[in-house]
Amino acid sequence: MAHRPNSNISRITASVATLRAELETHRYICSDQIATAVFLAHHLRKPVLIEGPPGVGKTELAKTAAQMFELPLIRLQCYEGLDETKALYEWKYGKQLL
């Protein structure tokens, strides 16, 4: 199902500043760099791949962005040896469950 942008999404993605403010209204406090990455991903219609140590807010950013943009959340739990090519282009659901 294709996503149809609504006026609220157009409003919150008008600039990096408005997107950052909207993230904050959803209780996600972020840097300009994170807001810029989400802004560009939205306008380029590309996914955001987030990596980092546990507890830094990766999943919370994904949940918040999905809620803001009214999109489903697809969460990929990575494991050692998984690179972006395998994760994005060689998807094997059973293997991801391991």
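Select Glu22 first: this residue is buried, because its relative accessible area is 13% and the cut-off for burial is under 20%. The model on display is a predicted one. Glu22 belongs to helix H2, which spans residues 16-25.

**Around Glu22**

Keep Glu22 selected and display its contacts. Leaving aside residues up to four places away in sequence, Glu22 touches Arg11, Ile12 and Met68. Add Thr64 to the selection and draw a distance between C-alpha atoms: Glu22 and Thr64 are 42 residues apart along the chain, and their C-alpha atoms are separated by 9.8 Å.

**From H2 to H4**

Next, select helix H4, residues 58-69, together with H2. The axes of these two helices, H2 and H4, come within 10 Å and cross at roughly 110°. H2 and H4 are therefore roughly perpendicular to each other, as angles of 65 to 115 degrees are classed in that way. By class, the contact of H2 with H4 comprises 5 nonpolar, 1 polar and 1 charged residues. To see the side chains concerned, select Leu19, Glu22 and Leu23 on the H2 side; they meet Leu61, Thr64, Met68 and Phe69 of H4.

**From H2 to H3**

Hide H4 and show helix H3, residues 32-44. Here the axes of H2 and H3 come within 9 Å, with a crossing angle of roughly 105°. This pair, H2 and H3, is therefore also roughly perpendicular. Which residues of H2 meet H3? They are Val16, Leu19 and Arg20, and their partners in H3 are Asp32, Ala35, Thr36, Val38 and Phe39. Sorted by class, this contact of H2 with H3 holds 5 nonpolar, 1 polar and 2 charged residues. Leu19 deserves a separate selection, since this residue appears in the contact with H3 and in the contact with H4.

**The largest pocket**

Now display the pocket surface. The largest pocket has a volume of about 1600 Å³. It is lined by 34 residues, and those closest to its centre are Pro47, Val48, Leu49, Ile50 and Ile74. Colour the lining by class: 22 of its residues are nonpolar, 5 are polar and 7 are charged. Then colour by helix. H3, H4 and H5 each supply at least two residues of the lining. Which helix gives the most to the lining? H4 does, with 7 residues.

**The loop after H4**

Move along the chain from H4 and select Pro72, which is found in the loop between H4 and helix H5, residues 84-89. Is Pro72 buried or exposed? Pro72 is exposed, because its relative accessible area is 69% and the cut-off for exposure is over 50%. Glu22, at 13%, is by contrast buried. Draw one further distance, from Pro72 to Ala62: these residues are 10 apart along the chain, and their C-alpha atoms are separated by 9.9 Å.

**The whole chain**

Finally, clear the selection and show the complete chain as a cartoon. Its secondary structure comes to 6 helices and 0 strands. Read from the N terminus on, the elements run α-α-α-α-α-α. Colour by accessibility to view burial over the whole chain: of its 98 residues, 21% are buried. A contact map completes the tour. Among contacts in the chain with a separation of 6 or more, residues 24 or more positions apart account for 46%.

Notes. Residues numbered from 1 in each chain as written. Predicted model: local features only at pLDDT ≥ 70, side-chain atom pairs only at ≥ 80, totals over all residues. Heavy atoms only, no water. Helix = DSSP H or I, 4+ residues; strand = E, 2+ residues; numbered from the N terminus. Buried < 20%, exposed > 50% of the residue type's maximum accessible area, 1.4 Å probe, protein only. 1 Å grid on protein atoms, 1.4 Å probe; cavity = no way out; pocket = protein on both sides within 12 Å on 5 of 7 lines; lining within 4 Å. Points joined across faces, edges and corners; volume = space filled by probe spheres on them. Nonpolar A, V, L, I, M, F, W, Y, C, P; charged D, E, K, R; others polar. Axes fitted to C-alpha atoms, helices over the stretch in contact; angles between N-to-C directions. Parallel < 35°, antiparallel > 145°, perpendicular 65-115°, else oblique. Contact = heavy atoms within 4.5 Å.
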